[in-house]
Amino acid sequence: MIRLEDITRRYGDETAVDSLSLEIAEGEVCVLIGPSGCGKTTTLRMINRLIEPTSGHIFVDDRDILSLPAEELRRGLGYVIQSIGLFPHLTVAGNICVVPRLLGWEKSRMVDRVDELLKLVGLDPNAYRDKYPRQLSGGEAQRVGVARALAADPPVLLMDEPFGAVDPLNRERLQSEFARIQRELKKTVIFVTHDIDEAIRLADKIAIMRDGKLQQFDTPEEVLNHPANKFVHDFVGADRALKRLVRVRVEDVMRSPATVLDGADLLTLQVGAGRRRFAYVVEPDGRLIGWVDTLGLDEGSVPEAALTRVVPADASVRPDDSLRDALSRMLGLGFRSIAVTDRNDVLLGEVTFAAVEDAMTEGDEHISNLPPEGAA
Amino acid sequence: MSSRRRINLELVALAAAAFAWLVSAQGFWESLLRAIFPAQPMVLMPRDTLAAFVAQHLALVGVSSAVTIVIGIPLGIFVTRRRGAEFRSLVIAATDLGQTFPPIAVLALAMPVLGFGFWPTVMALSIYGLFPVVGSAIAGIEAVPRAVLDAAEGMGMSPSQRLLRVELPLAARVIVSGVRTSVAINIGTATVGAAIGTGGLGVPIIGGLAVQNMAYVLEGAIPAAMLAVLADAVLGQIEAAVTVADSAATT
């Protein structure tokens, strides 16, 4: 879908990007990452010709981008920058319609598209379409920025540190929403960031750069498990095991839990729990109520007394949460396992500490005899 | 439009109507000035009615301000383009210099070329009023955030689309405030045009100074001052109208 062939960009004696070659497949999220000045933003900006390469070729859909007029090329590539890039004199709707207007869309089509996109990024169209950027919070503005880039349904999205100016809490929320939108739309995305956690979370492929040179171009798992050199190893950081958890979703490791219905008698409870110490207690419709500790229950015990009632939202995770979320929830609550529920609090399964441990150590090989720096 | 803006607009319209009525009420001025200067045999300049002086003054200011705007804004835009960047400091220096000249000196220089009367004065006033307009056009355009321009370019706007859809709307408030300053200067400075026979409110002022009749001076000065305040209010309305929801003024 996008192919960079031996791209070099020089500024006088400085080489910002040094004979870089990358190939990004359709529907893939490629994150360009590295310390500041590594050439990642320069690389992104060469794809929509905000910067011209000194030498080399860039192909989008097998067409050399230099063969297209720059403006036409750019209208086909969604472009997201930090929220300050919204047009302050246009409403949310006006901002979203910039490219459709350049393309000469009908008014009614634009109106429909605005509502559709606002819903997609999780904003209520009626509340937001007539607002001005200054009336939005950082997170809302960023959503509008994403909606604006998607307006004309471009196959490619170029995102330049889009969540960089958002506070950490909102950034995580935006990241997971972006991941959701991407699962739905399957765009080809080039995403620049300096945040390794963000890269691991969102990327199908990570391109790690340093001083204009590509250090490693691989899946997040490979980058974590087999860093190509010491620079990548150090850049990824010491907590590689924890980072790996970000890549695993709860639904991939959850198992079916021991479950009993509310109000069950002792025998049913003991049978339901089997050899496990805890059994989850649910309503007939499957909604989680709490759990019961079978330890110490014997003839004459009242099951109700052993029941711990919980607010499901506080004591469970969702199937599309990451294992890191699950782990942090478990540690926070002091549990050895945690329930998985859906949006309606219906119990779907459970994740155990042992499953997290397995995921953490999987593929963890000894990192010795690393190749010297620079060798990719 | 907010109700407050509408009320302001109505007030300005009312003030303009009151001004028009006042300057055409020759008798009112006669009795006013006679009350202030009872010893003066003549209190109104006989050469023309006050309404005629005001009309001449408005023509002078109107034409020269129009010339200033038509030249000044494009000039400001030009030097903020890549092509014109090398002229930026030259243009700023030149318009700056134009303003340091006393208007009467510009008139003296213009006279041999353009002769007496209306056009030399228009030329002098236009040059004189150029700096605030050019300066504000440059300042307004250059104040557009870099990220906004980057987004505009990255989304595929051509240079002219960027100018018309992004830069000028965002710079409009600053540009209009420059025009406002320029017109205010212009209304005051236009009185010197009377020295080379242009007419306007400078005629009773300069004539009054020559024959030492302070009543004549006031006949020119009071309406000129009122005109300056009124023009400022009108342009203030325009400034409010072009101020976009998000600008330095509202955040």
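The following conversation goes through a predicted model and asks how some of its descriptions are justified.

Biologist: Why is A:Gly85 counted as buried?

Modeller: A residue is called buried if 20 or more other C-beta atoms lie within 10 Å of its own. A:Gly85 has 25 C-beta neighbours inside 10 Å, and therefore it counts as buried. In the chain, A:Gly85 lies in the loop between β6 and α3 (92–96) of chain A.

Biologist: Which residues is A:Gly85 in contact with, once its neighbours within four places in sequence are left aside?

Modeller: Contact here requires C-beta atoms, placed from the backbone, to lie within 7 Å. On that basis A:Gly85 is in contact with A:Gly145 and, in chain B, with B:Ala147, B:Val148, B:Asp150 and B:Ala151. A:Asp265, by comparison, stands 180 residues from A:Gly85 in sequence and 62 Å from it in space, C-alpha to C-alpha.

Biologist: How many residues does each chain bring to the contact between chain A and chain B?

Modeller: Chain A brings 19 residues and chain B brings 18 residues. On the side of chain A that touches chain B, the elements giving two or more residues are α2 (70–75) and α4 (98–102) of chain A. By class, that side of chain A has eleven nonpolar, four polar and four charged residues.

Biologist: What makes strand β7 (residues 156–160) of chain A largely enclosed by the rest of the structure?

Modeller: Five of the five residues of β7(A) are buried, so the strand is largely enclosed by the rest of the structure. Both faces are covered, with A:Val156, A:Leu158 and A:Asp160 buried on one side and A:Leu157 and A:Met159 buried on the other. In a regular strand the side chains alternate between the two faces of the sheet.

Biologist: How do you know that β7(A) pairs with strand β6 (residues 77–80) of chain A and with strand β8 (residues 188–193) of chain A?

Modeller: Two strands pair if there are at least two bridges between them. β6(A) and β7(A) have four bridges in the parallel sense, and β7(A) and β8(A) have five bridges, also in the parallel sense, so both cases satisfy the requirement of at least two. As examples, A:Leu77 stands opposite A:Val156 in β7(A), while the bridge partner of A:Leu157 in β8(A) is A:Val189. From β7(A) the chain passes through helix α8 (residues 168–185) of chain A to β8(A), in a right-handed β-α-β crossover.

Note on methods. Residues are numbered from 1 along each chain as its sequence is written. Chains are lettered from A and ligands numbered from 1 in the order in which they are written. This is a predicted model: local features need pLDDT of at least 70, side-chain atom pairs count only at pLDDT 80 or more; totals for chains, interfaces and linings use all residues. Two residues are in contact if their C-beta atoms, placed from the backbone, lie within 7 Å. Ala, Val, Leu, Ile, Met, Phe, Trp, Tyr, Cys and Pro count as nonpolar, Asp, Glu, Lys and Arg as charged, and the others, Gly among them, as polar. A residue is buried if 20 or more other C-beta atoms lie within 10 Å of its own, exposed if 12 or fewer, and partly exposed in between; C-beta atoms are placed from the backbone. A crossover is right-handed if, with the strands pointing away from the viewer, the path from the first strand over the helix to the second runs clockwise.
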